[in-house]
Amino acid sequence: MRIIIDTDREQIIVPDTFYQTIDKKNDVLKKAGVTDKKIDYQEYVRENFEKAMEGPWIRKSDLAKKKL
């Protein structure tokens with residue numbers, strides 16, 4: 001899932017399906033019987049942002065060259 005950090009607006013912009021996707025992940029946890037953990041929307045972004053900051057930054061043009 002791609003999330004945009006807009007430095008001009010000082011906002012984080014999530015895809016239209018963001019909340020639905022997190023809700024589905026929470027449903028999977030619930031169906032698996034995991035009752036002590038629920039994914040928080042903001043914490044999900046925060047954790048992934050921190051992980052991304054640890055790695056090297058790449059330009060958008062480099063994405064085509066890099067296999068995910």
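**Close-up 1. Ile 5 sits in strand S1, which covers residues 4–6.** Keep in mind that this is a predicted model. Ile 5 has a relative accessible area of 48%, so we call it partly exposed. It also helps make a nonpolar surface patch of about 580 Å², together with Ile 12, Phe 49, Met 53 and Trp 57.

**Close-up 2. Here's Asn 26, tucked into helix H1 (residues 18–31).** Is Asn 26 buried or exposed? It's buried, because its relative accessibility is just 10%, and the cut-off for buried is under 20%. Leaving aside residues up to four places away in sequence, Asn 26 touches Lys 38 and Ile 39.

**Close-up 3. Asp 6 and Arg 9 pair up through their side chains in a salt bridge.** The N to O distance is 3.9 Å. The two partners sit quite differently: Asp 6 is buried at 18% relative accessibility, while Arg 9 is exposed at 58%. How many salt bridges turn up in a search of the whole structure? There are 3.

**Close-up 4. Glu 43 and Arg 46 form a salt bridge within helix H2 (residues 41–54).** They are 3 residues apart, which is about one turn of the helix. Their side chains meet at 3.2 Å, N to O. Both count as partly exposed: Glu 43 has a relative accessible area of 32%, and Arg 46 has 42%.

**Close-up 5. Asp 62 joins Arg 59 in a salt bridge.** The closest N and O atoms of this pair are 3.2 Å apart. Asp 62 is buried, with 17% relative accessibility, but Arg 59 is exposed, with a relative accessible area of 56%.

Conventions. Residues numbered from 1 in each chain as written. Predicted model: local features only at pLDDT ≥ 70, side-chain atom pairs only at ≥ 80, totals over all residues. Heavy atoms only, no water. Patch = residues over 30% accessible without salt bridge, like charges linked within 9 Å, V, L, I, M, F, W, Y side chains within 5 Å. Areas by Shrake-Rupley, 256 points an atom, 1.4 Å probe, with all protein chains shown as cover. Salt bridge = Lys/Arg side-chain N within 4 Å of Asp/Glu carboxyl O. Helix = DSSP H or I, 4+ residues; strand = E, 2+ residues; numbered from the N terminus. Buried < 20%, exposed > 50% of the residue type's maximum accessible area, 1.4 Å probe, protein only. Contact = heavy atoms within 4.5 Å.
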